[in-house]
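Reader: Could you walk me through how to read this one? I'd like to go feature by feature.

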Amino acid sequence: VKPTFVGDLVVTPLFDGTAILEPAMFTAEGEPTSWNAHADLLDATGRLVVPVGAFVVRVGNEVVLLDAGVGNLQDEMFSGGALLESLASEGLTPQDITTVFVSHLHSDHCGWLESNGGSTFRNAEIRIGAADWDHYVTQEKGGAKRAARLRAVEAQVKTIDTDGESIATGITSRSTPGHTPGHTSLVISNRQHRLIVLGDALHCPAQLTETEWEFLFDVDRALAKATRQSLVREAEEPNTALLPMHFPGMTAARLVAGQAKKQWVMN
Ligand SMILES: [Zn+2]
């Protein structure tokens, strides 16, 4: 487990399992052969096996969980169930979590909110973009089952209704719609350093350079592309790193400073 440092803060990955993605999902409107430059991301069968999980960051007395994994689930796409063990290996129980921030309400980001019909993180305030709550719970666009599981924790939910809401000390929300209507990122600032935790605004490192690609599961592909391009540009600012959920090892991406040609590193 390799944490990401933001000034004095430590953002630690908590692995829950894996997801299997197909390269064709990323080039919905694009060139199927353009993966040639990114073959290192594919496994022997030509698929992307990416991590699924959450991050945890301690800020003073607050313990903030960033996303909530996929849960105890095995299907064609997802294999999960390790999140609580990962949390325990950081010396934490679900009751220690004071805030859960959920980037969006796809199943691999909110999977542990509910377990056995009750709330997993009983002492936490749960922050979710209002437009996602409306889309997936009120309108049940992800199905009645997901909506019912989310309603089980509704008493703890405080929706994020405006851009730039405070989630914890030094951590603010950033509206990054497109992948889902209420998709939300976090900006963690500490000692002149900035980390943008961006959920599924990007899924794999190839998208850092293939900025015209469109992703099959983006609810609004044009908006998601504009959001993605704007986040990738923002990484050009000094001391700014991007932390997506599904990058290899759940590590951050940053631009190497002072290079004529853009060079990305994961660390
Ligand atoms: Zn995801």
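**Cores and a metal site**

Author: Let's start inside. In soluble globular proteins, nonpolar side chains tend to be buried together. Here the largest nonpolar core (buried Ala, Val, Leu, Ile, Met, Phe, Trp, Tyr and Cys residues joined through side-chain atoms within 4.5 Å; buried is under 20% relative accessible area, 1.4 Å probe, protein chains only) has 26 residues, and Leu65, Ile97, Val100, Leu105, Leu113 and Phe121 have the most contacts inside it. This is a predicted model, where local features need pLDDT of at least 70 and side-chain atom pairs 80 or more, while totals for chains, interfaces and linings use all residues. Numbering runs from 1 along each chain as its sequence is written, and side-chain values use heavy atoms, without hydrogens and water.

Reader: Which helix gives the most to this core?

Author: Helix 3, with three residues (helices are DSSP runs of H or I, at least four residues; strands are E, at least two; both numbered from the N terminus).

Reader: What does Leu105 touch?

Author: Counting heavy atoms within 4.5 Å as contact, and skipping residues up to four places away in sequence, Leu105 touches Cys110, Ile128, Asp132, Trp133, Tyr136, Val137, Arg146 and Leu150.

Reader: Which protein donors does the zinc ion have?

Author: Donors are N, O and S atoms within 2.8 Å of the metal (3.2 Å for Na, K and Ca); water is not among the atoms, so sites may look incomplete. For zinc they are Asp108 (OD), His109 (NE2), Asp200 (OD) and His246 (NE2), at 2.1 to 2.2 Å.

Reader: Why is the arrangement irregular?

Author: Because the four donor atoms subtend angles of 86 to 159 degrees. Four donors count as tetrahedral if all angles lie between 85 and 135 degrees; four count as square planar and six as octahedral if opposite donors are over 155 degrees apart and all others between 65 and 115; anything else is irregular.

Reader: Are Asp200 and His246 buried or exposed?

Author: Both Asp200 and His246 are buried.

Conventions: Buried means under 20% relative accessible area, exposed over 50%, partly exposed in between (1.4 Å probe, protein chains only).
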